[in-house]
Amino acid sequence: MLLAIDIGNTNLVIGCMEDERIVFKARIATDRTRTSDQYGVEIKNMIEAYGVKVSDIDDCIISSVVPPVFNSVKTGVIKVIGKQPMVVGPGLKTGLNIHVDVPSQVGSDRIVIAVAALAEYKAPMLLLDMGTATTIEVVEPDNVYMGGVIFPGVKVSLEALTSRAAQLPAISLDRPKNVIGTNTVDCMRSGTMYGTAAMIDGLIERMEEELGHKTTVIATGGMAQFIIPLCKREIILEKELLLKGLNIIYKKNKR
């Protein structure tokens, strides 16, 4: 069984894969102050909570966009499973042709998601990942990764608004009843959610104009399930791209 971990700015996504099957998927809050021992205990407890024995884990793969946390998680994993994990980064085979100014600056999670999407869909594609940041990546035929756009995630935008405007309260991101709100909370909710959906629709349109052709658009990430249904553009929602991509990369580079 493969233990797959993606270290994001807000959460660690943890899952176990058996061949192509996702045995479980869970999230742990990313905390820069935790030690390797603390992460090790959290990961072990999470694995066992889903009925998996640590002894059943044959190997591990990790991707990370949070350098201060990476070493603690990696060391914690080694303490739990007794094996050195594979790390997504330069030197691993991915099958992607990365055509950006500085390939080493492309986040490992971007690579993982692109690899997973290419296993199930044909390029050209636009890939949305809605987490702490929202990103839209371009993958062209022949597995050419061309870059994309990055803008603040839904929760980051909302937190900035409530922290800078004294009379605006913290709110939940329930689906708005209407675009036009009739009270402060509904106005904020509509502006945040429909505003993000409209931004995504507009960016997709502009990116396709620049590319000169239509694309298959695929979305993943924790916030995608709330925002994508509000978009006018047809977008495929894929919740498990990270784990699928980590599994594929592991198999391409299996020791």
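Colleague: Which residue of β3 stands opposite Ile14?
Modeller: This is a predicted model, in which local features need pLDDT of at least 70 and side-chain atom pairs count only at pLDDT 80 or more, while totals for chains, interfaces and linings use all residues. Residues are numbered from 1 along each chain as its sequence is written, and side-chain values use heavy atoms, with hydrogens and water left out. Strand β2 (residues 11–18) runs antiparallel to β3, and eight bridges join them. Opposite Ile14 in β3 stands Ala26.

Colleague: How many helices and strands does the chain have, and what is its radius of gyration?
Modeller: Helices (H or I, at least four residues) and strands (E, at least two) are DSSP runs, numbered from the N terminus. By that count the chain has seven helices and 11 strands. The globule rule gives 18 Å for 255 residues, and the chain is close to that, so it is as compact as a globular protein of that length. That rule is 2.2 Å times the number of residues to the power 0.38, and the radius of gyration, taken over C-alpha atoms, is 19 Å.

Colleague: What share of the 255 residues is buried?
Modeller: Buried means under 20% relative accessible area, exposed over 50% and partly exposed in between, with a 1.4 Å probe and protein chains only. The buried share of the 255 residues is 46%.

Colleague: What share of the contacts with a separation of 6 or more joins residues 24 or more positions apart?
Modeller: A contact means heavy atoms within 4.5 Å. Among contacts in the chain with a separation of 6 or more, the share from residues 24 or more positions apart is 56%.

Colleague: In what order do the strands of the five-stranded sheet lie?
Modeller: Two strands pair if DSSP finds at least two bridges between them. In this sheet, which is open, the pairing is mixed. The edge strands, each pairing on one side only, are β3 (21–29) and β5 (86–87). The order is β3-β2-β1-β4-β5.

Colleague: And which strands are at the edges of the six-stranded sheet?
Modeller: This open sheet also has mixed pairing, in the order β6-β9-β8-β7-β10-β11. The edge strands pair on one side only, and they are β6 (97–98) and β11 (236–237).

Colleague: How many of the residues of β7 are buried?
Modeller: Strand β7 covers residues 125–130. Met125, Leu127 and Asp129 point one way from the strand, and Leu126, Leu128 and Met130 point the other way; all are buried. The count for β7 is therefore six of six, on the cut-off of under 20% relative accessible area.

Colleague: Which residue of β10 is the bridge partner of Leu127?
Modeller: β7 pairs with β8 (residues 133–140) in the antiparallel sense over six bridges, and the two form a hairpin with two residues between them. In β8, Leu127 stands opposite Glu137. β7 is also joined by five bridges to β10 (residues 216–220), and these two run parallel. In β10, the partner of Leu127 is Ile218.

Colleague: What stands opposite Ile218 in β11?
Modeller: Four of the five residues of β10 are buried. β10 pairs with β11 in the parallel sense over two bridges. Opposite Ile218 in β11 is Ile236.

Colleague: Which residue of β9 stands opposite Thr134?
Modeller: β8 and β9 (residues 144–152) pair in the antiparallel sense over eight bridges. Opposite Thr134 in β9 stands Phe151.

Colleague: Is Phe24 buried or exposed?
Modeller: Phe24 lies in strand β3. Leaving aside neighbours within four places in sequence, Phe24 is in contact with Ile14, Gly15, Cys16, Met46, Ile47, Tyr50, Val52 and Leu243. Phe24 and Tyr50 are 26 residues apart in sequence and 6.8 Å apart in space, C-alpha to C-alpha. With a relative accessible area of 4%, Phe24 is buried.

Colleague: What is the relative accessibility of Asp109?
Modeller: Asp109 lies in helix α3 (residues 108–120). Beyond neighbours within four places in sequence, Asp109 is in contact with Asp6, Val65, Asp129 and Leu242. Asp109 counts as buried, at a relative accessibility of 10%.

Colleague: How far apart are the centres of the positive and negative side chains?
Modeller: Lys and Arg count as positive and Asp and Glu as negative, with His and the chain ends not counted. Each charge is placed at NZ of Lys, CZ of Arg, CG of Asp or CD of Glu. The chain has 28 positive and 29 negative side chains, and the distance between the centres of the two sets is 3 Å.
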